[in-house]
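Here is a short report on one protein model and the ligand it holds. Look first at the surroundings of the ligand, then at the backbone.

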Amino acid sequence: MLRIDVLTLFPDVFDGFLGSSIVARAIASGLVQVRCVNYRDFATDRHRSVDDSPFGGGPGMVMMCGPVFDAVGSITRDCDPPPSLVLLTPQGERLTQPMVNEFSGERHLLLLCGHYEGFDERIREGLRPREVSIGDYVLSGGEPAAMVLIDALVRLLPGALGDEASTTEESFSAGLLEYPQYTKPRSFRGMEVPEVLLSGHHARIEAWRRAQSLERTRRRRPDLLTDANDSNAPI
Ligand code: JBB
């Protein structure tokens with residue numbers, strides 16, 4: 001059983017995600033446990049502050065050390081071995097499938113989601129978390145990034161995907177984009193399903209799909225076809 005703790009100022013944001021489809025089933029099957037903990041429960045002043053203005057001035061607020069260290073301490077206290085800490089931040093290493101594969105081998109992860117203008121630097125200095133970014137765009141908080149990581153991770157846990165999904169993944173030529181897919185009806189508003197898919201000729205269908213995958217990958221994501229990216233192949 002993989003254990004994932006999430007530190008966040010907005011635990012409710014995870015409710016719909018954790019209650020849905022593959023993640024919900026993995027939790028129900030005991031493959032993974034996900035607990036969300038609010039930093040605010042570790043605030044110490046009467047306003048339950050978790051952020052304050054930056055030394056040196058400037059706009060916005062910064063996540064304070066106290067509630068973050070105390071929250072991490074309270075989760076880590078009884079843990080042997082201690083969890084691997086992951087800080088979601090635009091300053092992090094880009095999330096890739098090989099990185100997700102690595103995380104899926106961990107027993108216990110503690111994800112730290114930030115808000116405001118970021119974290120007091122001593123949180124990085126004192127906790128030495130692995131810093132992870134899901135991409136170069138501005139988010140309001142680390143929660144969407146944490147959900148991306150959890151989703152990618154849970155799919156790799158043995159038994160997390162039903163028969164349907166795992167079959168799809170098996171047939172997916174590793175590291176290529178998916179080929180075009182069609183379902184009923186054969187004709188829709190003048191658009192037809194390619195004849196080869198209706199032929200029942202399995203070898204020809206396989207060849208067509210392979211060619212479509214390659215061509216689509218070459219056009220849209222040529223970066224996926226370079227040798228340097230061999231290890232980026234999903235599963
Ligand atoms: C957040 C996306 C963190 O670590 C930083 C930083 C800068 C701005 C905001 C935040 C916290 S919210 S986490 C991932 C956005 O540099």
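The shell around the ligand divides into 5 nonpolar, 8 polar and 2 charged residues. This is a predicted model. Of the 15 residues around the ligand, five come nearest: Leu 88, Thr 89, Gln 91, Gly 118 and Arg 124. Which strand gives the most to this shell? Strand β5 does, with 4 residues. This strand covers residues 84-94.

**Polar contacts**

Three of the nearest residues, Thr 89, Gln 91 and Arg 124, place a side-chain atom by an oxygen atom of the ligand. The table gives the distances.

| Residue | Side-chain atom | Ligand atom | Distance |
|---|---|---|---|
| Thr 89 | polar atom | oxygen | 2.6 Å |
| Gln 91 | polar atom | oxygen | 2.6 Å |
| Arg 124 | N or O atom | oxygen | 2.8 Å |

How much of the ligand does the protein cover? On its own, the ligand has 410 Å² of accessible area, and the protein covers 86% of that.

**The pocket**

Where does the ligand sit? It sits in the second largest pocket. The volume of this pocket is about 440 Å³. Its lining is made of 22 residues. Leu 88, Thr 89, Pro 90, Leu 139 and Gly 141 lie nearest the centre of the pocket. Leu 88 and Thr 89 are also among the residues that come nearest the ligand.

Two elements, β5 and β7, give two or more residues to the lining. Strand β7 spans 130-133. The largest share comes from β5, with 4 residues. So how does the lining divide by residue type? There are 10 nonpolar, 10 polar and 2 charged residues.

**Backbone points**

Now turn to the backbone. Most residues other than glycine have a negative phi, and most peptide bonds are trans. Three places in this model depart from that pattern.

Two of them are cis peptide bonds. One joins Asp 80 and Pro 81, with omega about 0°. Pro 81 is found in the loop between α3 and β5. Helix α3 covers 65-76. Strand β5 is the strand that gives the most to the ligand shell.

Another cis bond joins Lys 184 and Pro 185. Here omega is about 5°. Pro 185 lies in the loop between α7 (163-171) and β8 (187-188).

Which residue has a positive phi although it is not a glycine? Ser 21 does, with phi at about 40°. Ser 21 is found in helix α2, which runs over residues 21-28.

Terms used. Residues numbered from 1 in each chain as written. Predicted model: local features only at pLDDT ≥ 70, side-chain atom pairs only at ≥ 80, totals over all residues. Heavy atoms only, no water. Near = heavy atom within 4 Å. Polar contact = N/O pair within 3.5 Å; in protein donor to acceptor, adjacent residues only side chain to side chain. Areas by Shrake-Rupley, 256 points an atom, 1.4 Å probe, with all protein chains shown as cover. 1 Å grid on protein atoms, 1.4 Å probe; cavity = no way out; pocket = protein on both sides within 12 Å on 5 of 7 lines; lining within 4 Å. Sits in = over half its atoms within 2 Å of the grid points. Nonpolar A, V, L, I, M, F, W, Y, C, P; charged D, E, K, R; others polar. Points joined across faces, edges and corners; volume = space filled by probe spheres on them.
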